[in-house]
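Take a moment with the sequence and the model below. Then follow the chain from its overall layout to one helix.

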Amino acid sequence: MGSPAPRRPLALAWFILICSSFWAANGMYGRVRVAAAAEGKNRRMRLHTDGSRGDAHAWPGYLYTRAVGRCTPQFWSSGAEPWPNIAPQEAAVSKVFGSRSVERYGPRLTLLEATMRTDDIGGSAFVKLVKQGSAALLNAYTRRGFPFDSWEVKALLLEALVSEEAAAVQAERFEQANQSCV
């Protein structure tokens, strides 16, 4: 029979690799912890205005990364998580939200296209409404504890179609719910 001796160097190499990775990561976090303690700050997780979490200098060496929350339209359009079966990407907004939305968005706009829109900044409040409303609907289906139920999102979106002012107010509510979702 073979001897177990040839396996020992390989196991030792793996052990050293894992331990060195742990020590390197611990050293990086240790530097951050020491720097924060020196500044007199506590190490609570903070949410910044750009959606990123933690201290601004928590990852030394990285200049800038745009953090996208798990509930934003950008997250849903990225394909990072599968969409719920009840609201597939190719579903038309008019089919999901009802026939009253056809007048505003047409019969062919899909949920994926609605979440991917970039003309909501400085544009029409109705564009922002469909973008944030589509993300809110997906969050209502998939996120436990989301502040709106799916039927509420649909009803609120349809009610907000009466005026530009109502659309702007409701789009802002959906946006706040989407950004604060975990």
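**From the whole chain to one helix**

Along the sequence, the pattern reads α-α-α-α-α-α-α-α. This is a predicted model. In total, the chain has 8 helices and 0 strands.

Next, consider burial and surface. The chain has 182 residues, and 35% of them count as buried. Its accessible surface is about 12200 Å². Carbon and sulfur atoms contribute 58% of that area.

Now the contacts. Take those in the chain between residues with a separation of 6 or more. Of these, 53% join residues 24 or more positions apart.

Turn to helix α8, which covers residues 164–180. What span should its 17 residues have? At 1.5 Å a residue, the expected value is 24 Å. The end C-alpha atoms of α8 lie 24 Å apart, so the model agrees with the expectation.

Which residues of α8 are buried? They are A167, Q170, A171, F174, E175, A177 and N178. Viewed down the axis of α8, these buried residues fall within an arc of 165°, so they line one face of the helix. Here, buried means under 20% relative accessible area.

What covers that buried set? The cover includes α6 (125–142) and α7 (150–160). The other side of α8 has exposed residues: E165, Q179 and S180. For these, exposed means over 50% relative accessible area.

Put α8 together. One face carries its buried residues, with α6 and α7 among the elements that cover them. E165, Q179 and S180 are exposed on the other side.

Key: Residues are numbered from 1 along each chain as its sequence is written. This is a predicted model: local features need pLDDT of at least 70, side-chain atom pairs count only at pLDDT 80 or more; totals for chains, interfaces and linings use all residues. Side-chain values use heavy atoms; hydrogens and water are left out. Helices (H or I, at least four residues) and strands (E, at least two) are DSSP runs, numbered from the N terminus. Buried means under 20% relative accessible area, exposed over 50%, partly exposed in between (1.4 Å probe, protein chains only). Contact means heavy atoms within 4.5 Å. Accessible areas come from the Shrake-Rupley method with a 1.4 Å probe; for residues, only the protein chains shown count as cover. The expected span of a helix is 1.5 Å times one less than its number of residues. The arc is that of the directions from the helix axis to the C-beta atoms.
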